[in-house]
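Hi,

Here is the model I promised to pass on. Have a look at it first, and then read my notes below.

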Amino acid sequence: MASADITPPRIDDDFPARLPETGRAPQGSDIERKLAATWESQPGWRGWLSTVDHKAVGLRYIVTSFVFLVIGGIEALIIRIQLAQPDQSVLTPEQYNQLFTMHGVTMIFLYSLPILSGFSNYLWPLLLGSRDMAFPRLNAFSYWIFLFAGIFMYASFPIGQAPNGGWFNYVPFSGPMYNTGPNIDVFALGMVLLGISTSVGSANFVVTLFRMRAPGMTINRVPILVWGTLTASVANLLVVPSVSLAFFLLWLDRQIGTYFFDVANGGKPLLWQHLFWIFGHPWVYAVVLPAMGIVSDALPTFCRRPLVGYTAMALATMATMLIGMEVWIHHMFATGLPTVALSIFGAASMAITIPSSVAVFSWIATIWLGRPVFKTPFLFFAGFVMLFVIGGLSGVMTAAVPLDWQLNETYFIVAHLHYVLIGINVFPVVGGIYYWFPKFTGRMMDEKMGKWSFWVMFIGFNVGFFPMHWAGLLGMPRRIYTYSSRMGWDSVNMITTIGSFAFAVGVLIFLVNVAVSLKRGARASENPWDAATLEWATSSPPPPYNFAVIPTVASRHPLWEDRLNEGGARSNLTEGMLLADGRETVSTSPIDARPMAIFKMPEDSYTPFFLGLFISLVFVGLLLHWWLFTAASATAGAIALATWLWPREELAQRATTQGATHG
Amino acid sequence: MADIRPAACRPSSAMRRLTRLTLLGGLTFASAICPAETLHAPLNYFMHSFGPAARPTMYLGWVLAGISVAVGFIIAFLLIMAVRRQRPTAGEREIGREDEGMQWIYMGTGISTCVLTALVVYSMMVLNAVAKPPEAPAVTVTVTAYDWWWKVEYDHPDPAQHIVTANEIRIPVGQPVLVKLKSADVIHGFWVPTLAGKTQAIPGLVNQQWIQADIPGRYTGQCTQYCGAAHARMGFEVIAEAAADFEKWREAQRQPASSGVAVSEDSGYKLFMDRCAGCHAIKGTDAAGPHAPDLTHLNSRKRLAAGLLTNTPDNLMDWVTRAQQLKPGSRMPSIYLSEAEGEALSAFLSKLD
């Protein structure tokens, strides 16, 4: 690799006394050992509770949300048994209603975004050449709240009182008049709790992108996954307050006696639909854009060429979300709103197709112009492109207002949303796990089982979900616990049930593959796929400090530079800033990634866990009306927060001598 | 289904088996969805429409579905070609150039945008065509959704002429009919797919939907907005008949129950007044319960329990005694009746025509 400019960069004027030392830190050198000792978490349960390492947090997110995926999947299979034939009574209507609600809640809130947060938490600092996220403790806190919120929302499931209003939980059905049990309170409080996790996690991503990139990782060099997660995070910061507010108002209506949604007292049921979908639609993009980013970054590795149209793809990512903010009414076409308003929202919904086609043609061109390597991840990504197109096309059909008056609330929508959520989220996620598994664990996954898992999942998925379009066109409404044979939906439902079980078998093969490969997979090198991005420049799995020296980046493809005919500078991954005085990393300027400051990163801490726990207990107290308990938990939480924020000496700048050398 | 196997890569026997399975699956799928069953699916709005509020939408559906299938095949073709096409040999470690391929995005997005713009215009034209009836509706029906049935009212300036019925909307053929939609409890969805799209019935609002049937017949409707336990069993029917028949029906419905109904010595009548009249009303008697379907002309209706059962005397008594088994969660309790009581009530109910 050609040498790069590694003169110590000028650091922010606030710290004139300190210039970072530069040098090399090969494996086994003193500096490397010092870094390892500094960044390592304590062994045992102490380290497990206190770690703030983004890699640990990311993997926890991935594992936890996958557990939720499996739970939600089992719920779906029970639903499919009930619907396999007409007039069955495997489930009572109430059991069915709780199951489909929990299936939706689990998949949409507890799986689809958290899994992507997991990928992004794990990968961002590695992709960006940093040693951690901007706020590592906030990151750990975000995970704990997510975990507790998930458990909270399932707390009433065993006693048969799970949320039963559907995942969009329309009032007045979910209001105090028509839903008297704890079911909806659990959902409402759980959603407010989960909103805390999503919001702090999103803030962390935004700040990380703008301050935590390696020198030279300019804004037009960050991987598309980063664009996807950034876009999702900005959107979440804007729209999660809307849903948190909606659920909080609903809880007030139910428990305190307010009338926000109570018609008899001047409340408005449509207010709920607006507040929910103002959040709900951008959320749909939040749970697919990072997954599309996974494909945009990983597919090129298997095509042996860079992504076609990086800039177009980054812009399309943001355009999708920008338009996605103005389409929530397409969930409300049948509510009697004026047709002029409907036309505008219908046209905006169709316009989403434009950035989507940028993405599709970019992926196809990447495969066309590349030399595909037929490994398992490639199959998942190529299969994803087809599912993305099918889900997009059915989306166009539902965007046409008059046609949506027919399609809305039928199985056509169920088909559409599963093509979108499974096709654009689950397939990239599973492909992404196959791709990054060696980085996560240091071992490769089994290829043979991998190909089997793809084909069984892909065929099972299409057999299961494609006929749902047809069921919708035959008029089958959503959320019915059974149907009569005279409706003509018998065979289509039987096929769907068979397909969904086949799909489940595919997922099972994948899980077996994970379990087996964890123990017996072949050892992975640093860069087993010969990929281009920075996460492959460090060992598999990465050391706790990620990079012994902070990389200096000169292009979008630091590991392919010598083979891409790009002129100019070369990235330097072996020599650079060492930053070994405690946990440190470099902070750079938002656009062109010039070094600006040395960030002192926090040590491991129990406070994120305890703050998360106490906040969750506040919600438990609110749910059970244990007001004293609530107050006690809030006080404990305040103490935990004070401990967290207490100024600490070790975070101050200590090294003051210029050019100090390390032995 | 896209087969994205590589040309260069020799398929393993497992892969070959899977391909065969795919083909087999496709064939099974095609034969299993037999047209006999689906053609006559009563809510099949994709292939049937019987009025001007539904027909333009059906054509829009065909055009959009056609374009979607075509685009799906084009993309599948491109994807398979992209995967399988012959490539010049290259070194193991060679990496393609970054700056090529933009014409794919320009072409693809350009064509998509043109098609899309046309579709936006077309769908707005359809919207315009189906949003409002071409002429002022001659008949107005007020439909109020309840958990889990539909109250149907035909207003008349004279309250005595006001018609209240349930789960069955009669309309004159060939004329637009305005349906005013209300809800008594939660949000429901009013949908007669072969006549028009759906509209939510929202508490506190009066929504409007117009329907028109061009040929006489029975058109099935269904609640489409999830509304709780018996959402699946919340159907109804629109019955379109010639104007003269409709007028005859309307005249009959305006009448109170016949004088032979309210006979205080009749044990069936007494039973009804004791056990049923708290919820159900019969015009011309003291039964005035407002919570459940008006039974004045019960036997003029084709179906029972919001579309669940055909209206026969046996089904009716089955419904009265086993409502909770037939429609779990329904507001109608299963009513225990001795054999004598059952016969008396049945005889009484048979007079409600």
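Let's start with the sheet in chain B: it is an open one of 5 strands, ordered E3-E2-E1-E5-E8, and the pairing is mixed. At its edges stand E3(B), residues 163-166, and E8(B), residues 207-211; each has a single partner strand, so one side of each is left without a neighbour in the sheet. From one strand to the next, the twist averages 25°. Bear in mind throughout that this is a predicted model.

E5(B) is the strand I spent some time on. It covers residues 177-183 and runs antiparallel to E8(B), with 5 bridges joining the two. If you want to check the register, Val177(B) has Ile211(B) as its bridge partner in E8(B), and Leu181(B) is paired with Asn207(B). With strand E1 of chain B (residues 139-146), E5(B) pairs in the parallel sense, over 7 bridges. On that pairing, Thr142(B) is the residue opposite Lys180(B).

Which residues of E5(B) make up its covered face, and which its uncovered one? Val177(B), Val179(B), Leu181(B) and Ser183(B) are on the covered face, while Leu178(B), Lys180(B) and Lys182(B) are on the uncovered one. That puts both Val177(B) and Leu181(B), the residues I gave for the E8(B) register, on the covered face.

Some totals for chain B as a whole: there are 8 helices and 12 strands. Of the 353 residues in the chain, 41% are buried. If you take the contacts in chain B between residues at least 6 apart in sequence, 64% of them join residues at least 24 apart.

Next, the two chains together. How many residues of chain B are in contact with chain A? The count is 89, and they meet 89 residues of chain A. On the chain B side, the elements that each supply at least two residues are helices H1 (13-32), H2 (35-39), H3 (55-84) and H4 (102-131), plus strand E7 (199-201). H4(B) gives the most, with 16 residues. Sorted by class, the side of chain B that touches chain A comes out at 52 nonpolar, 28 polar and 9 charged residues.

Over in chain A, helix H7 (residues 224-255) deserves a look. Its 32 residues should span 46 Å at 1.5 Å a residue, and the end C-alpha atoms are 45 Å apart, which agrees. There is a bend in H7(A) all the same, of about 40° at Leu237(A), with a proline, Pro241(A), following within four residues. Most of H7(A) is covered, with 23 of its 32 residues buried. After the helix comes Gly257(A), which has a positive phi, near 90°.

One residue of H7(A) to zoom in on is Asn236(A). Is Asn236(A) buried or exposed? It counts as buried, because it has 25 C-beta neighbours inside 10 Å, and 20 is enough for that label. Leaving aside residues up to four places away in sequence, Asn236(A) touches Thr198(A), Ser199(A), Ser202(A) and Ala286(A). Gly195(A) is 41 residues away from Asn236(A) along the chain, yet their C-alpha atoms are separated by 9.2 Å.

That's what I have for now.

Cheers

Definitions and conventions: Residues numbered from 1 in each chain as written. Chains lettered and ligands numbered in written order. Predicted model: local features only at pLDDT ≥ 70, side-chain atom pairs only at ≥ 80, totals over all residues. Pairing = 2+ DSSP bridges. Axes fitted to C-alpha atoms, helices over the stretch in contact; angles between N-to-C directions. Contact = placed C-beta atoms within 7 Å. Nonpolar A, V, L, I, M, F, W, Y, C, P; charged D, E, K, R; others polar. Expected span 1.5 Å × (residues − 1). Bend = angle between axes of the 7 residues up to and from the residue. Buried ≥ 20, exposed ≤ 12 C-beta atoms within 10 Å, placed from the backbone.
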